[in-house]
Amino acid sequence: MTALAPHGIAVRGLSVALPGAGAVLRDVSLRVAPGECLAVVGESGAGKSVLARTLLGLTQDVPGARVTAAELAVAGHDLRRLGRRGRRGMRGRDVALVLQDALQSLDPLRTIEAEVGETLAIRRVPRAERRGRVIAALREAGLPDADGLLGHRSAELSGGMRQRALIAGAIVGGAGVLIADEPTTALDATTAVRALELLGRLRDEGRALVLISHDLRAVARVADRVAVLDAGRVVEEGATADVLDAPRHAVTRALLAAVPSGPKPGGRVLAPDAPPLLAAREVTRRYRNVTAVDRASVTIGRGEVLGIVGESGSGKSTLARLLIGAERPDDGEVRRTAACVRLVPQDPLGAFDPRHTVERILRLSRRGDAPSPAALLEQVGLEPALLSRRPATLSGGQRQRVAIARALAAGPDVLVCDEPVSALDVTTQAGILALLRRLQRERGLAMVFISHDLAVVRNVSDRVAVMRDGRIVETGPTEEVYASPVDPFTAELIAAGS
Amino acid sequence: MRGRSARAIPPWRTALRWVLARVGGALLVVWLVATIVFFALRSSGDPLEAILGGPGSQAGPEAVEAARREYGLDQPLVVQYLLQLWRVATLQLGDSYARRQPVADLIAEQLPGTLLLAALALAAAWALAVTGAIVSTSARGRIGAIVNATLRGIEIVATVMPGFWLGAVLILVFATSLGWFPATSQGSHPAGLVLPVLTLAVPIAGFLAQVSRDALLEADAAPFAVTARARGAGEPRVLLRHTLRHASLPALALSGWAFGNLLSGAVVVEVLFARPGLGRLLQDGALSRDVPLVIGAVTVVAVLYVAVVVLTDVVELFVDPRLRGPRPAALRAPDVAVGS
Amino acid sequence: MIRRLGVSGAIALAALAVLLLAIAWPGLVAPGDPLAISPAEGFRPPSAAHPFGTDESGRDILTRIVHGASASAGIGLAATALGIGLGLVLGFAAGLGPAWLDAALGRIIEVLFALPTLVMALLLVAVLGAGAGSSILAIGLATAPGYARILRSRVRGVARSDYVGYARLEGDGPLTLFRRHIAPNTLWPLVSTATLGIGQAIVWVSALSFLGLGSPPPSPEWGAMLNAGRVYISTGWWMTVFPGLAIVVTAVVLTVLGRRLAGAGR
């Protein structure tokens with residue numbers, strides 16, 4: 001067995017079987033040296049999270065789990081030989097975990113000080129020393145006002161600050177190995193960039209970092225090497241640049257191909273001087289003392305796709321609801337010269353009556369001489385066999401297609417899509433985007449495409465409007481805005497997304 | 001949703017709103033009880049008859065006169081209603097003409113016994129519920145599945161178990177056959193309290209156990225529990241410092257309602273174990289159609305219930321800091337750039 | 001549907017069938033007169049001739065339990081029907097009506113729900129007098145707020161759901177929305193709630209009888225039998241245990257069934 005420096009990971013032939021799930025990891029081998037970052041990527045269900053928990057010794061605690069390996073060394077410990085106690089001892093002190101969604105990853109009932117300092121409290125570090133080390137860790141994680149934060153709780157911090165606090169809790173014990181499981185998934189693009197920069201800096205200071213993610217773009221920013229996981233096996237591994245530029249395995253290629261990038265294929269469908277079908281003029285919408293939409297103006301012409309992009313809380317969804325008429329603006333007006341506007345909602349499951357079958361849903365939404373439910377399903381690439389099923393029994397991608405079919409059933413002129421692919425896998429996403437592009441081409445549909453993901457928006461839209469805090473800060477043809485943004489916030493968004 | 005928000009809400013405003021909400025709730029209860037009582041009295045014909053102790057009461061002319069005056073029966077209906085509201089609000093409980101005693105005295109005599117029973121039963125129910133919840137999360141794997149299924153079954157039976165049957169069975173086993181505890185009791189002699197408290201506690205324990213167990217299982221699988229274990233926390237620490245607190249929240253929220261249920265159960269338990277108390281008084285009053293007594297007892301129960309709800313709300317504020325309301329907006333500032 | 005009930009649900013369903021048979025045709029399950037007095041046979045413990053023993057007047061307890069099923073279950077059913085009926089009116093009014101009505105009714109329902117059921121029932125019985133009829137009225141009125149609370153929450157959830165919102169945007173009118181979405185999604189889950197509720201109501205009704213405020217003797221209603229047997233508990237335990245067992249088993253069966261239905265409907 002090669003002796004690694006105390007902080008590092010050496011795994012060879014790792015196989016994990018869980019009760020009820022069978023073999024989850026098969027013959028996995030990887031190495032991470034101190035000062036190096038390895039990204040583990042793959043679709044959901046590939047076994048990434050199980051790998052993370054096995055490196056921490058958590059999987060071994062699950063009753064009925066079988067973990068075998070020719071070599072399993074983490075931070076200088078041979079995990080195969082350690083008992084329960086030993087594994088618990090090394091957690092927090094030598095290896096640390098950073099999860100996603102810090103709102104639930106930090107105990108919402110405890111103070112930041114208690115949570116960040118827990119590793120130390122477990123090892124009976126005296127209170128005064130604990131406090132000093134917690135403040136130091138918070139500062140190192142990029143929170144200069146650490147003293148002020150100690151007494152607060154996770155819900156009182158913004159998403160980015162929460163993630164930093166979580167990372168602080170991981171480094172406060174002096175761990176040399178960090179395992180980050182989807183650390184940026186719940187964050188805005190700009191915040192995610194900063195979190196990744198922090199992780200990169202921690203790696204530069206000599207720690208070994210394992211970054212688990214399904215977001216290949218995030219990975220490219222920080223990782224030195226990439227390992228691709230598929231159904232429990234490592235199918236490809238190498239330096240980041242090599243894997244991303246010249247992928248060898250089919251799975252890697254599929255993952256890369258599914259990532260939206262570049263301009264909209266096929267360009268505009270119709271000439272840009274068609275009269276506007278849908279126009280919002282200086283619309284404002286307030287809730288109590290929050291202004292969700294502030295004097296926004298957009299127009300959508302026949303056959304064009306307008307993308308609306310912005311971070312969470314920017315007012316995109318409210319604007320969508322104003323455009324389709326679900327809510328009335330407090331000021332300004334929405335003018336609809338289009339006969340028919342339909343919505344493809346963010347959460348299709350909630351938008352279907354749970355007791356109705358797909359057939360009934362489609363039938364009830366038909367207007368005029370729309371095609372039959374079976375024909376509608378065919379148009380969105382689904383088999384007629386799904387007609388008798390209930391939406392709850394369909395996959396996320398299938399449900400979204402049914403939602404699109406339902407919107408088409410009314411023969412709309414404008415389709416408003418509110419984050420239609422945000423909850424989907426990368427490969428499923430690509431399929432839905434291709435479908436929307438095809439439908440738009442075939443029918444000359446006008447579309448409003450709302451998303452927080454710039455690459456997705458760029459892939460679909462002819463024109464784009466950037467929203468921030470309820471206001472539209474920039475609009476224009478997509479490629480122009482992306483190439484030379486005028487507003488500084490737009491520039492920041494674009495830099496974060498590429 | 002961020003949008004652009006206006007100024008932050010100062011903490012004293014939040015506290016004031018909380019207090020006002022509680023006071024409003026209490027007033028609502030009082031008003032409702034008064035209204036129900038008002039209609040109940042007048043629902044079966046002559047209210048005078050009901051007040052004096054139902055058909056067949058032998059109230060003399062002075063009693064009739066006193067009743068008429070006290071309840072304002074020769075005044076217009078609206079005035080009577082307002083009078084009723086006033087009486088309930090000031091806890092003027094009137095006289096039981098059937099027993100020729102002020103209702104307040106009767107109740108004051110019997111109340112402590114019932115309160116003792118109810119308080120002990122609530123504590124016992126909590127203890128049983130939390131123990132059950134901890135046992136079911138600690139047992140893992142296949143044994144855990146069996147333990148869980150058994151506990152679930154016990155809980156269902158416990159929840160629907162009528163107090164009069166459980167008490168009778170307990171008396172049979174522990175009093176008549178084994179002789180460990182007395183079949184009837186009164187006062188605060190510990191041996192005499194065991195069976196009544198147990199009878200009262202079991203249905204509530206079943207319900208609280210279900211709720212706590214579900215919450216504990218959910219908390220145990222939550223990300224923050226994973227993070228705690230990843231920091232090196234052992235199972236006892238995860239339980240005591242993290243998950244138990246989360247698991248107690250729904251049970252705490254239900255404690256007010258549970259207390260109300262306990263008061264219902266106390267009626268049956270006191271009759272079964274021949275213990276003096278508010279419950280026995282209520283039953284006597286209902287049997288003898290002594291309406292002023294029953295009204296008085298119901299009013300007292302309503303007031304007690306409101307007091308317990310307020311108490312649980314205060315305790316909840318301590319256990320779950322998220323309820324204390326939003327803090328100043330300063331902390332919601334956007335993310336700060338690092339090392340640049 | 002049967003498959004989704006699971007083992008416990010299937011057993012519960014079978015037990016329910018026996019109960020229904022006992023209600024509809026007691027003579028088939030237990031031939032004999034529940035009211036036939038035979039003082040010489042009084043206080044007999046359980047035996048081959050009398051599986052559940054006899055009471056103080058020599059009446060066979062098993063026969064009385066079977067014949068009492070219709071009384072206990074019938075009263076429980078009637079009380080639940082009253083409670084659900086009232087609950088539906090209040091729940092729909094609050095959930096579908098204007099905001100002020102929802103707010104007002106909501107608070108009132110919450111408060112009424114919190115007041116202890118038996119205590120409220122006792123108040124009503126004190127005024128109305130004892131008996132089967134007032135038991136039904138008392139339990140029905142006392143449990144109505146509980147149903148109203150569940151229904152209001154359900155109706156509100158459905159009325160404010162995304163799918164109703166979508167249908168409204170597509171141009172469906174309020175009656176269509178009610179017929180197609182709101183009513184089915186509110187009423188079908190009610191079946192499971194009602195099943196649970198009947199079990200609870202039977203327990204409450206028996207409690208009232210136990211306290212001497214329900215069906216008068218010599219009715220074979222289970223709670224009344226408990227009340228009568230309570231006095232003799234040290235000498236004739238079977239007079240208390242078996243009627244009580246019938247109540248517990250019925251309530252458990254209905255609860256298990258109700259929960260299984262709730263799970264199966266999801």
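Modeller: A residue is called buried if 20 or more other C-beta atoms, placed from the backbone, lie within 10 Å of its own, exposed if 12 or fewer do, and partly exposed in between. What we are looking at is a predicted model, in which local features need pLDDT of at least 70 and side-chain atom pairs count only at pLDDT 80 or more, while totals for chains, interfaces and linings use all residues. Residues are numbered from 1 along each chain as its sequence is written, and chains are lettered from A and ligands numbered from 1 in the order in which they are written.

Biologist: Why is Ala274(B) called exposed?

Modeller: Ala274(B) has 11 C-beta neighbours inside 10 Å, and therefore it counts as exposed. Its place is in the loop between H10 and helix H11 (278–287) of chain B, where helices are DSSP runs of H or I with at least four residues, strands are runs of E with at least two, and both are numbered from the N terminus.

Biologist: What makes the phi of Ala274(B) worth a remark?

Modeller: Most residues other than glycine have a negative phi, whereas Ala274(B), which is not a glycine, has a positive value of about 50°. Glu282(A) also has a positive phi, near 50°, without being a glycine, but Glu282(A) lies in strand S12 (residues 276–287) of chain A.

Biologist: Is Glu282(A) buried or exposed, and how do you know?

Modeller: Glu282(A) has 12 C-beta neighbours inside 10 Å, so it counts as exposed.

Biologist: Why, then, is Arg162(A) called buried?

Modeller: For Arg162(A) the count is 23 C-beta neighbours inside 10 Å, and therefore this arginine is classed as buried. Arg162(A) sits in helix H8 (residues 159–171) of chain A, and, once its neighbours within four places in sequence are left aside, its contacts are Ala102(A), Leu103(A), Leu106(A), Ser154(A) and Leu157(A), a contact being two residues whose C-beta atoms, placed from the backbone, lie within 7 Å. Asp101(A) is 61 residues away from Arg162(A) in sequence, yet the two C-alpha atoms are 8.6 Å apart.

Biologist: How do you know whether the dimensions of chain A agree with those of a compact globule?

Modeller: The radius of gyration, taken over C-alpha atoms, is set against a rule of 2.2 Å times the number of residues to the power 0.38. For 498 residues that rule gives a value near 23 Å, and chain A, at 25 Å, therefore agrees with it. The C-alpha atoms fill a box of roughly 70 × 50 × 45 Å along the principal axes, and buried residues make up 52% of the chain. Among contacts in chain A with a separation of 6 or more, 70% come from residues 24 or more positions apart.

Biologist: What makes S7 and S11 of chain A edge strands?

Modeller: Strands pair if DSSP finds at least two bridges between them, and strand S7 (95–98) and strand S11 (233–239) of chain A each pair on one side only. They belong to an open sheet of 6 strands in the order S7-S8-S9-S3-S10-S11, with mixed pairing and a twist that averages 15° from one strand to the next. S7(A) runs parallel to S8(A) and is joined to it by 4 bridges, with Ala96(A) partnered by Leu178(A). In S7(A), Val95(A) and Leu97(A) point one way and Ala96(A) and Val98(A) the other, and all of these are buried.

Biologist: How do you know in which sense S3 and S9 of chain A pair?

Modeller: Strand S3 (residues 37–41) and strand S9 (residues 208–213) of chain A pair in the parallel sense over 5 bridges, and Leu38(A) stands opposite Val210(A) in S9(A).

Biologist: What makes up the side of chain C that touches chain B?

Modeller: That side divides into 29 nonpolar, 9 polar and 2 charged residues, where Ala, Val, Leu, Ile, Met, Phe, Trp, Tyr, Cys and Pro count as nonpolar, Asp, Glu, Lys and Arg as charged, and the others, Gly among them, as polar. In this interface 40 residues of chain C are in contact with 41 residues of chain B, and H5(C) gives the most to chain C's side, with 10 residues.

Biologist: How many residues of chain B are in contact with chain A?

Modeller: Here 37 residues of chain B meet 45 residues of chain A. H9(B) gives the most to the side of chain B, with 7 residues, and that side divides into 16 nonpolar, 9 polar and 12 charged residues.

How values were computed
Axes are lines fitted to C-alpha atoms, for helices over the stretch in contact, and angles run from 0 to 180 degrees between N-to-C directions.
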